[in-house]
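Biologist: Please take a close look at one helix pairing in this model. I would like to know how the two helices cross, what makes the contact, and how the surroundings are built.

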Amino acid sequence: MSVARHAVKAFSVALLILSLTVAVSAQNIAELKKQAAAGDVKAQYNLGVAYANGYGVSEDKSEALRWWRTAADQGYVKAQFRLGVAYDLGDGVPRDEAESVRWYRKAADQGDAEAQFNLGAAYRDGAGVPKDNAEAYFWLSLAATGKVEDVKQEDVAKARDEQAFHLTKTELSQVQERVQKWVKDHAAKTNSQ
C-alpha cells in the first residue's frame, strides 16, 4: 500500500475515532442540525461525520456527503479534504480519482498538509491527473512543511525526496523556488487574516 493510500485509510480511521468523542445525544444532534441549517460550516461538517458513522442518527452516507459538500462549497477545508477522501476511496460515492483530486486541490490550496500530501501522491502516480514529477515534488514539499496526520513526517519527506530523483537540477531548483514563494505568500495571507 502506498504511503498516500495509507494516509487516506489512516484518516478514515482517525475520523471514526474522533467522531466517537462527539456527544451524540438527541439534543446535541438537534442543536447541530439547527446550526448546520443556519449555515455554520463546522456544524455542517460535524453533522456529516455523525451521518457517516451513525452517531446520534441513522448512518446515511448520502446525507453525510450532502453536509460535507455544503460545508466544502463554502470553503471549509476539512470538508473539502473529506470529500477528496470519499471520492478517492469510493466511500459513499463511486470512486472518481479526478473528482478526488479536485477536492484535494481546494484544500491543498488553503494549506491543508494532508490534502497537499495526497495531491502530490496523485501527481506522482498519475491518479486523476497526468503524472507530473515536478507537481508531485511541489505538493509533497508543501506537505513536508506541515503536519500530515497518521503519517510519520520522515515518510512525507522521503516521498518528497524520492520525487527529486526524477527532476533535473534546473527543474528541482525551479520547483524549490516555487515552494518557497508559496510558503511565503501563504504565510502572508494567514497573518493578514
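Modeller: In this predicted model, helices α6 and α7 cross in a left-handed sense. Residues 97–109 form α6 and residues 113–125 form α7; the two pack at an angle of about 135°, with their axes 8 Å apart. Angles over 145 degrees would count as roughly antiparallel, so α6 and α7 are oblique to each other. On the α6 side the contact is made by Val 101, Tyr 104, Arg 105, Ala 107 and Ala 108. From α7 come Ala 115, Gln 116, Asn 118, Leu 119, Ala 122 and Tyr 123. By type, these contact residues divide into 8 nonpolar, 2 polar and 1 charged.

The pairing of α4 and α5 can be set beside this one. Their crossing is left-handed, with an angle of about 135° and axes 8 Å apart, and α4 and α5 are therefore oblique to each other. Here Leu 65, Trp 68, Arg 69, Ala 71 and Ala 72 of α4 meet Ala 79, Gln 80, Arg 82, Leu 83, Ala 86 and Tyr 87 of α5. The residues of this contact divide into 8 nonpolar, 1 polar and 2 charged.

As for the cores, the largest nonpolar one has 24 residues, and those touching the most other members are Tyr 45, Leu 47, Tyr 51, Leu 65, Trp 68, Ala 79 and Leu 83. Helices α2, α3, α4 and α5 each supply at least two residues of this core, and α3 gives the most, with 7 residues. Apart from it lies another core of 21 residues, including Val 85, Val 101, Leu 119 and Tyr 123.

Key. Residues numbered from 1 in each chain as written. Predicted model: local features only at pLDDT ≥ 70, side-chain atom pairs only at ≥ 80, totals over all residues. Heavy atoms only, no water. Axes fitted to C-alpha atoms, helices over the stretch in contact; angles between N-to-C directions. Helix = DSSP H or I, 4+ residues; strand = E, 2+ residues; numbered from the N terminus. Parallel < 35°, antiparallel > 145°, perpendicular 65-115°, else oblique. Left-handed = near helix turned anticlockwise from the far one by under 90°. Contact = heavy atoms within 4.5 Å. Nonpolar A, V, L, I, M, F, W, Y, C, P; charged D, E, K, R; others polar. Core = buried A, V, L, I, M, F, W, Y, C linked by side-chain atoms within 4.5 Å. Buried < 20%, exposed > 50% of the residue type's maximum accessible area, 1.4 Å probe, protein only.
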